[in-house]
Each structure stands twice: as structure tokens, then as C-alpha cells.
Amino acid sequence: MAAAGFGVYLKEAILAARFPTPTHFARAAGTDPSVVLRWLSEEQRPTIRSIERIAPVLGKSINELVLAAYPDRLNGPAPAALPAAHPLVHELARMLADDSPIPRADREALETVLDRMLEPYRRVLRRRKSG
């Protein structure tokens, strides 16, 4: 029997990661779309190997997905989905990940540019927090 709520959790996570459809998510994760549909319908749960593959694509931790998929085995409720993040958050996470197809030098250059662009805003946010 599937864990109650994992299909809903996964659907919200796919939307939060800004995939237009479960099929787009499945392709990005290297998973057959029919398998993702079985997860969404709670017909079956993902294996640990599948969770390891899909977690970074969703911007989630492996632990979070394990808890969501197997709360009955871990004595806890499924975690609530986080509020949707800006689409760029997930896109940048995939681009900057160690397994990204973007060459390391380009990833490092992108990180440097982003870091420099964000620095003035970090100062503003730090002042706002302390004020």
C-alpha cells in the first residue's frame, strides 16, 4: 500500500520546481514518465535509488523525500511541501550542481558573477534582519 499523501507531496514538489508537467520532471530526472505517474497516483512508491536520483532535480534532500515516501516506516508524518520558490532557484541549483553538464570553469564563472551581483543585496537584507 502506498504512503498516504506522497502523490500529493510529489505533485506539489514538481510544481514548486517549476516543471510544467510530470513528464518534463520525469525526463529531467532520467525516469520513465509512467513510473512518475504511478508515484503520483500512489500506486507505488519510489525506491531509494530513485529518490537519490530525483531529490536534486526537485531541490529536495534525500532525507526529506524518504520521509515523504515512507512515513509509515519512519514513525512520522510526511513533511509538508515548502512554499514554491522562484523558478530560478531550482534552475540555478541544477546548473551549479557537481553533476551538471556545464563545464566546471563555466560553473565557477557563473558563481563568481552571481556572488558579486548579490553582495549589495545581502548587505541590505542583513541590515533589515538586525534592524
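Thr 31 lies in the loop between α2 and α3 of this predicted model. At a relative accessibility of 8%, Thr 31 counts as buried, because the cut-off for burial is under 20%. Its side chain makes a polar contact of 3.3 Å with the side chain of Arg 53. Leaving out residues up to four places away in sequence, Thr 31 touches Ala 26, Val 36, Trp 39, Arg 53 and Ile 54. Two of these partners, Val 36 and Trp 39, belong to α3. Both also take part in the contact of α3 with α1.

The protein chain as a whole is helical in its assigned elements. It has 8 helices and 0 strands. Read from the N terminus, the order is α-α-α-α-α-α-α-α. The chain holds 131 residues, and 28% of them are buried. The exposed area of the protein chain is about 8600 Å². Carbon and sulfur atoms supply 58% of that area. Contacts were also sorted by separation along the sequence. Among those between residues at least 6 apart, 51% join residues at least 24 apart.

The packing of α1 against α3 was examined next. Two packed helices are described by the angle between their axes and the distance between the axes. Helix α1 covers residues 6-16, and helix α3 covers residues 33-40. Their axes are 7 Å apart and meet at an angle of about 125°. The two helices are therefore oblique to each other. An angle over 145 degrees would be needed to count as roughly antiparallel, and 65 to 115 as roughly perpendicular. From α1, the contact draws on Phe 6, Gly 7, Leu 10, Lys 11 and Ile 14. From α3, the partners are Val 36, Trp 39 and Leu 40. By class, the contact of α1 with α3 comprises 6 nonpolar, 1 polar and 1 charged residues. The charged residue is Lys 11, because Lys counts as charged. The polar one is Gly 7, because Gly is counted among the polar residues.

Tyr 9 is also placed in helix α1. Its relative accessible area is 3%, so Tyr 9 is buried. The side chain of Tyr 9 is joined to that of Glu 64 by a polar contact of 2.9 Å. Tyr 9 was also compared in position with Leu 40, a residue of α3. Tyr 9 and Leu 40 are 31 residues apart in sequence. In space, their C-alpha atoms are 8.6 Å apart.

The loop between α3 and α4 (48-58) contains Arg 45. Arg 45 is buried, with a relative accessible area of 15%. A polar atom of the Arg 45 side chain lies 3.0 Å from the backbone oxygen of Ala 69. Glu 42 is found in this loop between α3 and α4 as well. With 22% relative accessibility, Glu 42 counts as partly exposed. Its value falls outside the burial class, because buried means under 20%. The backbone of Glu 42 has a positive phi of about 65°, although Glu 42 is not a glycine.

A positive phi is also found at Arg 18. Its phi is near 65°, in a residue other than glycine. Arg 18 sits in the loop between α1 and α2 (22-29). The relative accessible area of Arg 18 is 44%, and the residue is partly exposed.

Two further sites concern the later helices. Pro 56 is placed in helix α4. Pro 56 is partly exposed, at a relative accessible area of 46%. Along the chain, Pro 56 and Ala 97 are 41 residues apart. Their C-alpha atoms are separated by 8.5 Å.

Leu 92 belongs to helix α7, which spans residues 87-96. With a relative accessible area of 26%, Leu 92 is partly exposed. Beyond its neighbours within four places in sequence, Leu 92 is in contact with Leu 110 and Leu 114. Leu 92 and Leu 110 are 18 residues apart in sequence. The distance from C-alpha to C-alpha for this pair is 9.6 Å.

How values were computed. Residues are numbered from 1 along each chain as its sequence is written. This is a predicted model: local features need pLDDT of at least 70, side-chain atom pairs count only at pLDDT 80 or more; totals for chains, interfaces and linings use all residues. Side-chain values use heavy atoms; hydrogens and water are left out. Axes are lines fitted to C-alpha atoms, for helices over the stretch in contact, and angles run from 0 to 180 degrees between N-to-C directions. Helices (H or I, at least four residues) and strands (E, at least two) are DSSP runs, numbered from the N terminus. Angles under 35 degrees count as roughly parallel, over 145 as roughly antiparallel, 65 to 115 as roughly perpendicular and the rest as oblique. Contact means heavy atoms within 4.5 Å. Buried means under 20% relative accessible area, exposed over 50%, partly exposed in between (1.4 Å probe, protein chains only). A polar contact is a pair of N or O atoms within 3.5 Å; within protein, one must be able to donate a hydrogen and the other to accept it, and residues adjacent in sequence count only if both atoms are side-chain atoms. Accessible areas come from the Shrake-Rupley method with a 1.4 Å probe; for residues, only the protein chains shown count as cover.
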